[in-house]
Amino acid sequence: MSTTANPPAGPSGPGTKPRPARYRGRAALSPSRLKDFLQCPLLFRLRTIDRLPEPPSQAAVKGTLVHSVLERLFDLPAEKRTEDAAASMLDPQWEELQAAKPEVTAMFAGPEDLAGWLAEARSLVGQYFRMEKPDRLEPAEREMLVETELTSGILLRGFVDRMDVAPNGAVRLVDYKTGKSPSPRFQSEAMFQMRFYALMLWRLHGTVPARLQLVYLGDGRILSHDPVEDELVAFEAELEELWRRVARAVEHRTFEPKKSKLCGWCSFQSFCPEFGGTPPEAPEEGMRRLLTVQAV
Ligand code: SF4
């Protein structure tokens, strides 16, 4: 759930023109925050309601850096979208990132650590060119902010990495991942985010995207899915049920910890009863803000 009252202005997309006044100042469901809730309600609470600060992680910042290069790559004319051109964007994009978030420099033990990390980012950018041919693509949108309100009054919000529109009008939504692709057991879970975007686009424009595509730069695999209307109807009901669970947790003040192997990546262990910690009192203001997800 994004609880940003006013999302940052991104490139204009079909989801942002014009932005209805009733969306302003409201929290919204987003795929990443919903995933937090499914992983661990306490993690969700501390991140979304309490908004406790978290140190940046090398993996997440590398993802941001690679995404920004792949986004900017399409600013160039088609014939100049080469691997060398993309690689040359890494350093300036890294400098921009540091200027915006100076705390990221503290992630590195020293120059060698940073050099190794930049080399990994360069290799991921290089991998992209073995998976797609950017000189043959003309994205309709990049880093597209999409917002839509379901008939139930629930506000959805998300950023789509790329939207391609074929000459026949068929829409393809694409998301880049810097990690490795999931095993078949977890592929449906990985598509959660893309179904979320497909539902938003469908509810906004009445057209189901023809293809959803996850591009895993970590191992060079592409995961695709062609959604159908019935599936999105079922997905909408699933989201509404998930929201009811979140709203109940707010009402009863119950955000229980849910221990898993993912706890190793959690920044909140010192507040977590599973690790001997005690969560702070949940801020009332944060809970009120969260409940604005659903218009009354
Ligand atoms: S350490 Fe694990 S159980 Fe505790 S809040 Fe984090 S994810 Fe949840």
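## Close-up views of a predicted model

**View 1. Strands S1 and S2 sit side by side in this predicted model.** Strand S1 (residues 141-149) and strand S2 (residues 155-165) run antiparallel and are joined by eight bridges. Look across the pair and you will find leucine 145 standing opposite phenylalanine 159 in S2. The hairpin of S1 and S2 has five residues between the strands, and here glycine 153 takes a positive phi near 90°. Is S1 enclosed or open? Seven of its nine residues are buried, so S1 is largely enclosed by the rest of the structure.

**View 2. The chain is divided into two domains.** Domain 1 is built from two stretches, 23-49 and 139-239, while domain 2 covers 58-136. Their C-alpha centres lie 23 Å apart. Where they touch, domain 1 supplies 10 residues to the contact and domain 2 supplies 13 residues.

**View 3. Here is the largest nonpolar core, with 58 residues.** Leu29, Val66, Leu173, Tyr197, Ala198 and Val293 have the most contacts inside this core. Helix H7 (residues 192-205) gives the most to the core, with eight residues. Where does the core lie relative to the domains? Domain 1 and domain 2 both give residues to the core, so it lies between them. As a handy background idea, nonpolar side chains tend to be buried together in soluble globular proteins.

**View 4. Meet alanine 198 and its contacts.** Setting aside neighbours within four places in sequence, alanine 198 is in contact with Leu173, Val208, Pro209, Leu212, Pro227 and Leu232. Two names here may be familiar from the core: Ala198 and Leu173 are both among the residues with the most contacts inside it.

**View 5. Lysine 259 is found in a loop.** The loop runs between helix H8 (229-252) and helix H9 (284-291). Lysine 259 has 13 C-beta neighbours inside 10 Å, so it counts as partly exposed. Now find arginine 221, which is 38 residues from lysine 259 along the chain: the C-alpha atoms of these two residues are separated by 30 Å.

**View 6. This view follows residues 29-273, a region listed in UniProt.** The unreviewed UniProt entry gives these residues as "domain: PD-(D/E)XK endonuclease-like". Over this region the chain is 46% helix and 16% strand, and the end C-alpha atoms are 27 Å apart.

**View 7. Confidence is shown along the chain.** The pLDDT averages 93 for the protein chain, and 94% of the residues score at least 70. Over residues 1-16, however, the pLDDT is below 50; this stretch has 46 contacts in the model beyond near neighbours in sequence.

Notes
Residues numbered from 1 in each chain as written. Predicted model: local features only at pLDDT ≥ 70, side-chain atom pairs only at ≥ 80, totals over all residues. UniProt positions renumbered as here; feature names shortened; annotations may be inferred. Helix = DSSP H or I, 4+ residues; strand = E, 2+ residues; numbered from the N terminus. Core = buried A, V, L, I, M, F, W, Y, C linked by C-beta atoms within 7 Å. Buried ≥ 20, exposed ≤ 12 C-beta atoms within 10 Å, placed from the backbone. Domains from an automatic or database assignment. Contact = placed C-beta atoms within 7 Å. pLDDT = per-residue confidence, 0-100. Pairing = 2+ DSSP bridges.
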